[in-house]
Amino acid sequence: MASPTTDAPAAGEDVLEAVGLTKHFPVRRRLRGLLSRTRLTVHAVDDVDLTLRRGRVTALVGESGSGKSTVARLLAQLQPLTAGTVRLHGTPVTVRGGRPFRAYVRRVQMIFQDPFASLNPVHTVRYHLTRALRVHGNAGRSSADLEAALAGLLDRVSLTPAERYLDKFPHELSGGQRQRVAIARALGADPEVLLADEPVSMLDVSIRLGVLNLLRDLKERLRLAVLYITHDIASARYFADETLVMYAGRLVEGGDSETVTQHPAHPYTRLLIESAPDPDRITGATRAGDGERGGGEPPSLIRPPAGCRFHPRCPAAMPRCGTDLPPRLAVGDRPGHWAACWLYDPAEATS
Ligand SMILES: Nc1ncnc2c1ncn2[C@@H]1O[C@H](COP(=O)(O)OP(=O)(O)OP(=O)(O)O)[C@@H](O)[C@H]1O
């Protein structure tokens, strides 16, 4: 279901949509026993709404533990939702293994942080890519078709000539080449959506830009809808069309990337940006979740703070922030820019 406000179908069309996405994990029995007799849960993701659009990159930015990977896994149908809905082209999706899952995975592919872990060390590039093509019915009928498809995949990720790479094992490739192979394998399904969970954070700083440029090129050439998960808000500005900021399981700000990174509205986004001082840096060697950046620690997700979850760390907190959950409120005059923050309640401005 394309929203009435989207562009022509070629770019901007809604592809994958999450509404009220929620995931609570039960706390393991041993820990639960230590803490309480009542049944405790980790509120990893609460009430997240987001839309991935054709030919667009959406960045999901936040500290370690804020729930970004869980959002990706829920969108990939790798875990059941606690609540909410995932829609593909407007149709609600609930798949549990088997043929429906394979059909879904054909359209929604995931790329993981560590390409070394996601590639099997005992198999060659040819094996990984052939398997992806076969599983998703894209290997053609003849061996010539298969060879052409393999060369096409490696060409798309700029590993050419293909013969140089096809018979290599993962350990014979550099980190960047491995991630390119992982991306080629995802493309073997001929997907519409790529969920890229920290795709460059384990790579050498010097090659991150090349892999991000490749993903951007793919989004443009193949009109992919891309979710780009990162700790590094500076890279979101460079790489993503839209940026969503997540804190302690909830989205707190969203808008086009230039606006969110250059005119951040939510006090948490401002802290994230202050902790990434060079705005042109695209490759954070440090992570916002590490150390004391941003002043204070993220809250417990077992008993998250009432109201705005950021209020215990917020320099602008008001009394209502500790009791009332702020909704998405429009910010300034940039269309689509919102913050879940009472500072932007029109009633605050007049009181
Ligand atoms: N299977 C699970 N069981 C219990 N808790 C979980 C599980 N998976 C994630 N969590 C918890 O959910 C919260 C969100 O984790 P998640 O990995 O989604 O965050 P993240 O923002 O992706 O962090 P990182 O960048 O470090 O991967 C964390 O508190 C984590 O410990």
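In the predicted model, strand E3 (residues 57-61) and strand E9 are paired in the parallel sense over 4 bridges, and within this pairing Ala59 stands opposite Thr243 of E9. On its other side E3 is joined to strand E8 (residues 225-230) by 5 bridges, these two strands also running parallel, with Thr58 placed opposite Leu227 in E8. Both pairings belong to an open sheet of 8 strands, in which the order is E6-E7-E8-E3-E9-E10-E12-E11 and the pairing is mixed. The edges of this sheet are formed by strand E6 (108-111) and strand E11 (329-330), each of which pairs on one side only. Helix H12 (residues 267-274) packs on the sheet, where it touches E3, E9 and E10, and its direction makes about 100 degrees with that of E9.

Strand E9 (residues 242-247) is mostly covered, 6 of its 6 residues being buried. In a regular strand the side chains alternate between the two faces of the sheet. In E9 both faces are covered, with Glu242, Leu244 and Met246 buried on one side and Thr243, Val245 and Tyr247 buried on the other. Beyond its pairing with E3, strand E9 is joined by 6 bridges to strand E10 (residues 250-256), and these two strands run antiparallel; Thr243 has Gly255 as its bridge partner in E10. The hairpin of E9 and E10 has 2 residues between the strands, and in this hairpin Ala248 takes a positive phi near 50 degrees.

The surroundings of Val245 extend to several parts of the chain. When residues up to four places away in sequence are not counted, Val245 touches Val61 and Gly62, as well as Leu251, Val252, Glu253, Val260, His266, Tyr268, Thr269 and Leu272. Val245 is also named, together with Leu75, Leu195 and Leu227, among the residues with the most contacts inside the largest nonpolar core, which has 87 residues. Helix H8 (residues 175-187) gives the most to this core, with 6 residues. In soluble globular proteins, nonpolar side chains tend to be buried together. For the protein overall, buried residues make up 43% of the 351 residues, and the secondary structure consists of 13 helices and 12 strands. Of the contacts with a separation of 6 or more, 66% are accounted for by residues 24 or more positions apart.

A second open sheet is formed by 4 strands in the order E2-E1-E4-E5, with antiparallel pairing. Its edge strands are E2 and strand E5 (91-92), each of which pairs on one side only. Strand E1 (residues 14-26) and strand E4 (residues 83-88) pair in the antiparallel sense over 5 bridges, and Thr22 stands opposite Ala83 in E4. Helix H2 lies across E1, E2 and E4, running at about 120 degrees to E1.

The residues around the ligand are Phe25, Val42, Ala44, Gly62, Ser64, Gly65, Ser66, Gly67, Lys68, Ser69, Thr70 and Leu301. Strand E2 (41-53) and helix H2 (68-75) are the elements that give two or more residues to this shell, and H2 gives the most, with 3 residues. By residue class, the shell divides into 4 nonpolar, 7 polar and 1 charged. Gly62 thus appears both around the ligand and among the residues touched by Val245.

Several backbone features were also noted. In strand E2, Asp47 has a phi near 55 degrees, a positive value in a residue other than glycine. Asp47 counts as partly exposed because 15 C-beta neighbours lie inside 10 Å, a count below the 20 or more required of a buried residue and above the limit of 12 or fewer for an exposed one. A further positive phi, near 60 degrees, is found at Ser158, likewise a residue other than glycine. Ser158 is found in the loop between H6 and H7, and is classed as partly exposed because 14 other C-beta atoms lie within 10 Å. Pro161 also lies in the loop between helix H6 (143-156) and helix H7 (163-166), and a cis peptide bond, with omega of about -5 degrees, joins Thr160 and Pro161.

Technical notes:
Residues numbered from 1 in each chain as written. Predicted model: local features only at pLDDT ≥ 70, side-chain atom pairs only at ≥ 80, totals over all residues. Near = placed C-beta within 6 Å. Nonpolar A, V, L, I, M, F, W, Y, C, P; charged D, E, K, R; others polar. Pairing = 2+ DSSP bridges. Contact = placed C-beta atoms within 7 Å. Axes fitted to C-alpha atoms, helices over the stretch in contact; angles between N-to-C directions. Core = buried A, V, L, I, M, F, W, Y, C linked by C-beta atoms within 7 Å.
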